[in-house]
Amino acid sequence: SRKWHFKWEVGYVYWSPDCRENIMIGINGRFPGPTIRAKAGDTIKVELKNGLPTEGVVIHWHGIRQFGTPWADGTASISQCAINPEETFIYEFKVEKPGTYFYHGHYGMQRAAGLYGSLIVDVADGQKEPFDYDGELNLLLSDWYHQNVQAQMLGLSSKPFRWIGEPQSLLINGRGQYNCSLAAHVIPGSSTCRSKRGECEPVVLRVLPNKTYRLRIASTTSLSSLNLAIGHHKMIVVEADGNYVEPFTVDDMDIYSGESYSILITTDQVPSSNYWLSVGVRGRLPQTQPALAILNYHPNSPSKLPASEPPVAPTWNDYAHSKSFSYKIHARRGTPKPPTNPVRQIALLNTQNKIDGFIKWSINNISLVLPSTPYLGSMRYRLRNAFDDRKPPENFARDYDIMKPPINPSAMQGSNAYKLEFNSTVDVILQNANALSGNVSEIHPWHLHGHDFWVLGYGDGRFSKKDVTKFNLKNPPLRNTVVIFPYGWTAIRFVADNPGVWAFHCHIEPHLHMGMGVVFAEGVKLIEKIPKEALACGMTGKTLMNNHLP
Ligand SMILES: O=C1O[C@H]([C@@H](O)CO)C(O)=C1O
């Protein structure tokens with residue numbers, strides 16, 4: 001195994017991701033950030049300099065377990081203090097498992113400002129992937145707003161509430177085309193849809209006929225749930241969130257923010273043609289054009305327009321279609337099976353509430369606000385009053401009607417954390433419900449830091465004790481992100497075997513900003529060394545100044 005050493009500087013850049021110039025957060029002057037490519041067992045060291053003049057920054061390595069390095073998880077106020085302007089923080093961690101991952105900002109809404117990139121882990125030397133392919137293509141999907149994230153955050157925390165609305169563009173590898181006909185774009189000579197440095201050039205996927213390609217696809221959208229299809233090509237799903245799945249074939253796939261997949265395609269169609277790859281919006285009434293890329297069969301020119309129209313995403317609210325995709329995902333044979341004896345079941349009710357007139361998302365009536373001292377430090381060094389240390393609720397009211405807007409729409413803001421017994425098996429039931437307005441329940445993709453979990457099952461309506469008997473214990477997929485469908489529940493199981501403090505939250509950026517998350521802590525006593533640079537703020541900062549931390 002080897003050690004990779006990167007020097008990155010985060011900073012604002014002028015960029016035209018969808019042919020409209022904006023300011024974005026880039027790394028080393030570019031958007032999206034550099035792709036990290038390593039092998040399982042390698043160590044990644046990123047010296048991260050904060051070149052944002054007046055705000056802090058952190059980077060989360062999404063899907064990487066951080067076993068033994070919980071301080072490197074890159075969550076502001078949870079695993080570390082935000083890095084101050086002009087300061088450098090060193091992330092160093094192992095990538096244990098091959099798979100398709102990404103990294104992104106995890107402070108405020110910096111992810112939505114463009115702070116993200118791909119992280120791909122190949123099998124270790126001498127190992128083989130359990131499927132064959134001739135070539136590989138990588139697609140990092142995201143969405144883009146023309147309004148800057150400061151304005152977005154202010155609107156979300158204003159009274160009256162100002163919702164961010166739908167994104168202006170969808171991006172593939174950081175490229176989209178706002179109000180541009182792609183045809184105009186592809187045809188040489190058209191200038192309205194071009195940027196100075198080709199920043200919004202459509203993505204061209206160059207392939208040879210009659211080969212098999214692995215497409216790695218990850219979504220780091222701020223809001224949108226996506227559907228991806230390639231004209232005339234079937235897709236075989238083989239990996240989800242860095243775990244192999246039992247291969248299954250589909251014509252199109254859904255992908256939610258925080259998820260990653262690998263699919264295999266065979267370039268067995270008429271070779272004189274090119275084909276569209278299309279990414280459209282699901283789960284919310286779309287007001288955003290689909291993003292397009294060209295599957296370019298050699299030796300055709302990439303400007304040769306495909307003979308058939310781009311595939312159209314299923315109707316946004318065809319949830320039966322989305323469910324049928326999710327329900328097809330099973331662990332590949334040989335995947336570890338879940339332990340059968342959970343010691344604890346935590347039911348988490350997802351509601352939208354008004355708190356003092358501000359619209360928030362709450363989990364069991366608590367809307368998460370992060371403390372000024374990172375939990376990792378305050379818990380490890382047992383500092384008092386660093387956060388609300390009352391036990392958060394394990395359940396919600398028996399008579400809560402998930403089909404109706406909250407009757408008593410009141411909730412509280414809190415920083416409470418769930419303390420999990422080290423090495424214990426925990427079940428979490430995520431329960432969806434009606435939002436503040438009638439007949440609305442949205443999809444929420446939940447992402448767990450520090451662990452993979454088994455997805456034991458989904459159901460419509462309110463979870464009942466009897467549903468436990470329907471759990472899939474035979475081949476549940478291991479993942480780090482899973483959705484709850486409107487008015488439905490999703491059950492997951494994981495082993496709390498990673499000493500640290502870990503966020504579990506809705507991966508929709510504005511929803512997390514509105515409080516939609518919880519904090520889990522386990523084995524904190526076992527954490528050996530936390531770099532002081534991770535804790536030089538809040539109460540751990542004061543204690544450090546007095547030389548009182550061991
Ligand atoms: O959090 C959200 O707020 C709005 C709406 O519920 C209130 O305006 C919306 O669509 C969300 O997803």
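Two strands are taken to pair if DSSP finds at least two bridges between them. Strands (E, at least two residues) are DSSP runs numbered from the N terminus.

1. Basis of the note. The structure is a predicted model, in which local features need pLDDT of at least 70, side-chain atom pairs count only at pLDDT 80 or more, and totals for chains, interfaces and linings use all residues. Residues are numbered from 1 along each chain as its sequence is written, and side-chain values use heavy atoms, with hydrogens and water left out.

2. Strands 13 and 16. Strand 13 (residues 225-230) and strand 16 run antiparallel and are joined by four bridges. Within this pairing, Leu228 stands opposite Met253 of strand 16.

3. The five-stranded sheet. Strands 13 and 16 belong to an open sheet of five strands, ordered 11-19-18-13-16, with mixed pairing. Its edges are strand 11 (204-207) and strand 16 (252-255), each of which pairs on one side only. On average, neighbouring strands here are turned by 20° against each other, direction ignored; the axes behind such angles are lines fitted to C-alpha atoms, and angles run from 0 to 180 degrees between N-to-C directions.

4. The four-stranded sheet. A further open sheet has four strands in the order 3-8-7-5, again with mixed pairing. Strand 3 (36-39) and strand 5 (59-62) each have a single partner strand, so one side of each lacks a neighbour in the sheet. Neighbouring strands of this four-stranded sheet are turned by 20° against each other on average, direction ignored. Strand 7 (residues 99-105) and strand 8 (residues 116-122) run antiparallel and are joined by six bridges; Gly99 stands opposite Val121 in strand 8.

5. The ligand shell. The residues around the ligand (one heavy atom within 4 Å of it) are Phe161, Trp163, Arg284, Gln352, Trp361, Glu442, His511 and Met514. The shell comprises four nonpolar, two polar and two charged residues; in this scheme Ala, Val, Leu, Ile, Met, Phe, Trp, Tyr, Cys and Pro count as nonpolar, Asp, Glu, Lys and Arg as charged, and the others, Gly among them, as polar. Domain 2 (136-327) and domain 3 (344-545) each supply at least three residues of the shell, the bounds coming from an automatic or database domain assignment.

6. Polar contacts and burial. Polar contacts (pairs of N or O atoms within 3.5 Å) link the ligand to the protein. Polar side-chain atoms lie 2.6 Å from a ligand oxygen atom in Arg284 and 2.7 Å from one in Glu442. For His511, a side-chain N or O atom is 2.8 Å from an oxygen atom of the ligand. Taken alone the ligand exposes 310 Å², of which the protein buries 79% (Shrake-Rupley method, 1.4 Å probe).

Note on methods. Polar contact = N/O pair within 3.5 Å; in protein donor to acceptor, adjacent residues only side chain to side chain.
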